[in-house]
Amino acid sequence: LESCGVADLVTTCFGGRNRKCAEAFVRGKGEKSWQEVERELLGGQKLQGTLTAQEIWPVMKEHDLCTRLPLLSMIYQIAFESKPAESIVKLSPVAHKNPKKVTVVGSGNWGCAIAKIIAENTARHDDFHSEVTMWMFEEQVEHKGIKRKLSEVFNESKENIKYLPGIQLPPNVNAEPDVKKAVADADIMVWVLPHQFVPRTVKTMGKPKPGSLSVSLIKGGLEL
């Protein structure tokens, strides 16, 4: 499990060196090289994005990944092959025959918040199955004066009445108390458990789907 680097991604998109220099490069309409842009704006620092793009491009071509990664391909062509910058908004939609299934592993306040964001996005993008599974550690809760299972109450109301009361999640989030069932068909597992519960969960969840990916949004260190 690795850190997903969300903070780095946000910084890069909204105010990092790569964005600052990319804007200057586009405004210059190809009249300035990346080296000239760096000298003018970075005071001796170097861009990381351009170096990474140049290193990954031969690998993409060697493994025939250019059509499968159209955004990366377009970025490289704009940066190094004089393709107009506006081409990036004209990418042809790709037919997605195998939409990815996402499971959120964890259902506390942090897990529910992440599940809400993910479900709102999977509902809008054909790359993913609309339905998001959220593994929920089963507990007994009191609901309207009756002792009930937390997962059952959630699936009826779409509200985690114990850990995130008052916040309703999208209708395409479904709680599954059996961790093996929750991850069995997941292409992407998003981990939002307290770090001390991860080793036990990994041991009990069984084998994940071949080729599946894990994204960690876990605070603190892990020792597996």
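This report looks at one strand and its partners, then at a nonpolar patch on the surface, in a predicted model.

## Strand E1 and its surroundings

Let's start with strand E1, which covers residues 100–105. Of its 6 residues, 5 are buried, so the rest of the structure largely encloses this strand.

E1 has parallel neighbours to look for. With strand E2 (residues 128–135), E1 pairs in the parallel sense through 5 bridges. If you would like a spot to find on screen, go to Val105, whose bridge partner in E2 is Trp135. Strand E6 (residues 188–191) also runs parallel to E1, and 4 bridges join the two. Here Thr103 is the residue to pick, as it stands opposite Met189 in E6.

## The β-α-β unit

The pairing of E1 with E2 also belongs to a wider arrangement. Together with helix H6 (residues 109–122), these two strands make a β-α-β unit, and the unit is right-handed.

## A nonpolar patch on the surface

Now for the outside of the model. Ile56, Val59, Leu69, Leu71, Leu72, Ile75, Ile88 and Val89 form a nonpolar patch there, and their accessible area together is about 640 Å². Helix H4 (49–62) and helix H5 (70–80) each supply at least two of the patch residues. H5 gives the most, with 3 residues.

Val59 is a handy residue to zoom in on, and you will find Val59 in helix H4. Its relative accessibility is 40%, so Val59 counts as partly exposed, a class that sits between buried (under 20%) and exposed (over 50%).

Technical notes
Residues numbered from 1 in each chain as written. Predicted model: local features only at pLDDT ≥ 70, side-chain atom pairs only at ≥ 80, totals over all residues. Heavy atoms only, no water. Buried < 20%, exposed > 50% of the residue type's maximum accessible area, 1.4 Å probe, protein only. Pairing = 2+ DSSP bridges. Right-handed = clockwise from strand over helix to strand, strands pointing away. Patch = residues over 30% accessible without salt bridge, like charges linked within 9 Å, V, L, I, M, F, W, Y side chains within 5 Å. Areas by Shrake-Rupley, 256 points an atom, 1.4 Å probe, with all protein chains shown as cover. Salt bridge = Lys/Arg side-chain N within 4 Å of Asp/Glu carboxyl O.
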